[in-house]
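I opened the notebook today to look up how the ligand is held and how the protein interior is put together. The entries below follow the order in which I went through them.

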Amino acid sequence: MKKTIFSGMQPTGVAHIGNYFGAIKNWVSLQDEYNCLYSIVDLHAITIRQNPEELYQNTLNALALYMACGLDPDKNTIYIQSHYHGHAELCWLLSCFTYMGELGRMTQYKDKSAKNADNINLGLFAYPTLQTADILLFGTHLVPVGDDQKQHLELARDIAIRFNNIYGDVFTVPEVFTPKTGARIKSLSDPTKKMSKSDGEANYVGILDPADVVMKKFKRAVTDSDTEIRYDPENKAGISGLLEIYAAACNVDIAAAQREFEGKQYGHLKTTVAQAVIDNVTTPIQTKYNHLIKNPDHLANIAKSSAEKAASIGNPVLEKTKKAVGLVL
Ligand code: TRP
């Protein structure tokens with residue numbers, strides 16, 4: 001029996017090469033060994049006020065983008081969260097097993113309510129319970145999450161254990177999944193930090209950025225006043241960050257990347273890394289993406305059949321949960 005992996009992605013704008021090298025690319029390598037579900041979590045997104053047209057477009061774009069990045073919809077279940085009612089339903093059941101105190105302690109809730117002081121809504125508070133429902137619904141064994149989501153996963157485990165202690169073995173207790181590889185791509189404008197969508201346009205390369213924009217961003221990448229191209233993250237964060245991107249884009253190790261640039265100038269490094277990203281990453285993904293986006297009926301069909309696949313896995317767990325608490329089926 002294959003183990004089940006579940007991950008949720010917010011449909012908020014486009015992904016960058018940090019997301020690609022750090023996560024999405026690795027998911028592709030998991031698709032044969034695991035039963036993987038990837039949900040575009042539109043129900044989570046609306047806990048913060050969204051522009052409806054943007055949310056709609058971002059949701060469909062995200063679906064197309066994950067497929068363009070190589071996630072095969074026949075091997076993985078890539079679907080839109082709201083297409084399957086099980087999430088909202090299990091969320092209600094689990095909300096009766098989540099304590100107010102637990103939710104109040106969530107650091108993401110505290111951060112988001114500080115940033116959205118005029119809209120601290122029930123959904124925002126219950127967000128971790130919905131996330132718990134996402135995970136437990138599919139008998140998920142493993143959840144690939146970053147540090148910012150560990151607290152939510154811990155809560156999901158607590159709720160699963162609490163429920164199982166009362167009603168028997170209904171839920172699989174999920175664990176954090178730390179994938180083997182995956183480069184931590186650095187910001188181009190502050191290479192001591194991780195590439196991030198929230199740190200401004202110049203710091204990241206979007207997967208959908210046109211080639212000239214990619215080139216421009218790399219040319220402006222922050223380096224140092226030295227001239228030697230050497231991998232030394234401590235003292236040469238910018239150059240090391242570029243070498244890491246080159247290694248990831250060309251599937252070579254860092255040492256090989258460094259050897260290739262021995263005695264070369266910074267300008268050469270920047271344009272060569274940019275070209276590698278353009279040729280090996282952004283252009284091929286964009287070609288597939290544009291093809292998918294131009295066939296909305298095909299995309300809608302995939303979304304529909306994927307949601308049906310999710311429902312066929314989730315419905316037995318949902319039924320078991322209802323039965324356990326005494327609902328009449
Ligand atoms: N909360 C996650 C984030 O903001 C997204 C998410 C929703 C998720 N449901 C999930 C992640 C279930 C892992 C498992 O990134």
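Entry 1, the ligand shell. Working from a predicted model, I first sorted the residues of the shell around the ligand by type, and I found that they divide into six nonpolar, five polar and one charged. I then listed them by name: Phe6, Gly8, Gln10, Val41, His44, Tyr127, Gln131, Asp134, Ile135, Val143, Val145 and Gln149 surround the ligand.

Entry 2, polar atoms at the ligand. I looked up three side chains in turn: an N or O atom in the side chain of Tyr127 is 2.6 Å from a nitrogen atom of the ligand, a polar side-chain atom of Asp134 lies 2.7 Å from a ligand nitrogen, and for Gln149 the distance from a side-chain N or O atom to a nitrogen atom of the ligand is 3.0 Å. I also noted that the ligand taken alone exposes 370 Å², of which the protein buries 89%. When I asked which elements give two or more residues to this shell, I found β1 (4-9) and α7 (122-136), with α7 supplying the largest share, four residues.

Entry 3, the nonpolar cores. I next turned to the largest nonpolar core, which has 61 residues, and in which Phe21, Tyr66, Phe218 and Ile245 have the most contacts. Helix α12 (residues 266-293) contributes the largest share of this core, 11 residues. Leaving out residues up to four places away in sequence, I found that Ile245 touches Ile17, Phe21, Ile185, Leu188, Phe218, Val273 and Val277. I recorded another core apart from this one, of 35 residues, including Cys91, Met106, Leu153 and Leu155.

Key: Residues numbered from 1 in each chain as written. Predicted model: local features only at pLDDT ≥ 70, side-chain atom pairs only at ≥ 80, totals over all residues. Heavy atoms only, no water. Near = heavy atom within 4 Å. Polar contact = N/O pair within 3.5 Å; in protein donor to acceptor, adjacent residues only side chain to side chain. Areas by Shrake-Rupley, 256 points an atom, 1.4 Å probe, with all protein chains shown as cover. Nonpolar A, V, L, I, M, F, W, Y, C, P; charged D, E, K, R; others polar. Core = buried A, V, L, I, M, F, W, Y, C linked by side-chain atoms within 4.5 Å. Buried < 20%, exposed > 50% of the residue type's maximum accessible area, 1.4 Å probe, protein only. Contact = heavy atoms within 4.5 Å.
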